[in-house]
Each structure stands twice: as structure tokens, then as C-alpha cells.
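Grab a pen and work through a few backbone puzzles. Try each one yourself before reading the solution.

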Amino acid sequence: MKIQDFLLVFVFISVGFASSLSVSDVEIRHLDAQSTGKFSQKISHPTKLSTNLDILSTDVLKVSLKAPLVDDSPVLLNNALLSFEGPGQYTAILELDDNKYTATIELKIKSVQEAFDFKSGKYDINLYLYAKTAKPLVYNIGKASISLPTLDDIRKAAGKQPKIAGVDEYFELRPEITHTFAPSEKLPPKIISAFFALLVLVPWVGFVGGLGYLKANFNGLFSANGNVVYGSSFIGVLSAWVVLFYLYFTIFNMFQLLAFGFPLSLVTLFVGRQALIVKAEERIKEEKSERK
């Protein structure tokens, strides 16, 4: 985010406010990579830091401010920004506490060096403070010399082209992605499957034997042309169901049973219904002929 955008907003917001915002308690702490203090100072507006900061890419900068004032009375902050302006430009938003009287930030330079475009040099450090009831404050708290690695330095340290999004993309061929799927459904031994297949056929043997014992007459099923087609088809479909369940017990899994069983069930319903319709029509004709 460019600081010029914030400055433009501040100019418009400032119009109409007579009172100016001030701040009397700003603490700057400069730490190295081991969190050892390199510099620390508390200042009040418009006082600046007593020395220029020498900031390395591995350093940490902590800034906190308390009690923003308007006419010596504390006010609530709405926004607080920390900006570095120099060869590069970077703006960070300070975190406001719950009562909005305190704002803090812990800036790890290494994590934002890309935002600086890896540009080393001298930077002005500015605080931008905004409260609804006063003119915004632009507070130059001091200067810093920031030393950042270049892209060439990063390449040498990494031993290859760095992966910096938007700056220096790097692509390389990676191994093919493979997926491990769930193992196939385990089927029981074929001997057990064949045994259950025989159990499925046993009721049919009893059914056919029962029809013979009762001396069932099948002539009516094929007595008309229509019944020959639909009657034979219905018997064939029932036989197909027996074969399908045999295959399920020996070869097929549940999904294959459903895949073949669904269309077969539709055929069974259709030919069975048509066989009953033809048989009913034949019965009606026979009854009419007997009445005559």
C-alpha cells in the first residue's frame, strides 16, 4: 500500500478540524537476531530519535505508543501506521489494543524485505496517526540505514534460483503425483462362494418340484401369441436373476450387482406386467365367449 494514498486521505480528513493530534509516549526498541537490545529510546512529538538506526535484515524493530492527545486530553485512535520511505517504501499497520489508546507493532525485517524491493539505503521513519476528532498527525521519528540482501545474495545462499513470488519465479520438474486408493473389496474363497451359490439354487429346485407335485398347468402361459413373447421373456428374466446372484457370490462385488441389477429389475417389471395384461385380456375374452 502506497503511503501517498494515506497522505491524500489525511489531507481530506484534516479539513474542518481545528485541533491537532499529538502523542507523548512513543517507545522504539531495536533488537538483533538473538533478541539482544541494540537501541531503545522513548520520545514525544515532535522529538526525534537521538541517533540513526543501523538495521540489518535479521533485526527486529518494536514500536509502541500510548495516550494520543488532543488539547492535552486523551483520544481514541482509529488508525496508526509505521512507514519507511527511502530507496524502497514499506508501510505497516500498528495493532490497536481493546481501548484504542495504545498501538504496537513488532516488525521482523527479514519477513518484509521483499516489500522493500530488497533496496538498501537511508530511510525516513514516519508515524501516521488518525483519530476522528482531530487532525491526523504525521510524525517523523527519525532515520535509519537499512541493509538488505540483494537477489544475487539470496541465490548464492540458496544455491539455486530463489522462489520469490512476483519477483523471480522459479519452476522445476517435480515427480509425478500418485494417489493411493482404497484396496479392492476382499472376496471369500471360491469354495465358500460356490456353496452359497448352491444354497441360492436349492429353493428353486423345491419350487419346481412343488409345481410338479401340484400338477401346475403351464399351457395357459403360452396359449396366446402375446403370452408366448412376454411369458417366455418373464421366465428368461427370472433365470437371469439366478445367474446374477450366482455371479455376485463368486465374482461380482456390490457395485457390479447394483449396476446389472437395476436395469434387470426394470425389464422384470415391464415383461411381468405385460404378461399379466395379456393373460387378463385372454381371460376376459374367454368369459365373453362362454356367455354367448
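Here come three exercises on the backbone, each with a worked solution.

This is a predicted model, where local features need pLDDT of at least 70, side-chain atom pairs count only at pLDDT 80 or more, and totals for chains, interfaces and linings use all residues. Residues are numbered from 1 along each chain as its sequence is written, and side-chain values use heavy atoms, with hydrogens and water left out.

**Exercise 1.** Find which residues the cis peptide bond joins.

Solution. Start with the background: most peptide bonds are trans. Now check omega: at about 10°, the bond between His45 and Pro46 is cis. Then place Pro46: it sits in the loop linking strand S2 (37–43) to strand S3 (53–56). Strands here are DSSP E runs of at least two residues, helices are H or I runs of at least four, and both are numbered from the N terminus.

**Exercise 2.** Ser35 isn't a glycine, so what is its phi, and is the residue buried or exposed?

Solution. First, phi is positive, about 65°. Next, Ser35 belongs to the loop between strand S1 (21–31) and S2. Last, its relative accessible area is 56%, so Ser35 counts as exposed (over 50%; buried is under 20%, partly exposed in between, with a 1.4 Å probe and protein chains only).

**Exercise 3.** Work out how the span of helix H4 fits the expected value.

Solution. H4 covers residues 190–213, which makes 24 residues. The expected span is 1.5 Å times one less than that number of residues, giving 34 Å. From first C-alpha to last, H4 reaches 34 Å, close to that expectation. Just after H4, Lys215 takes a positive phi of about 55°.
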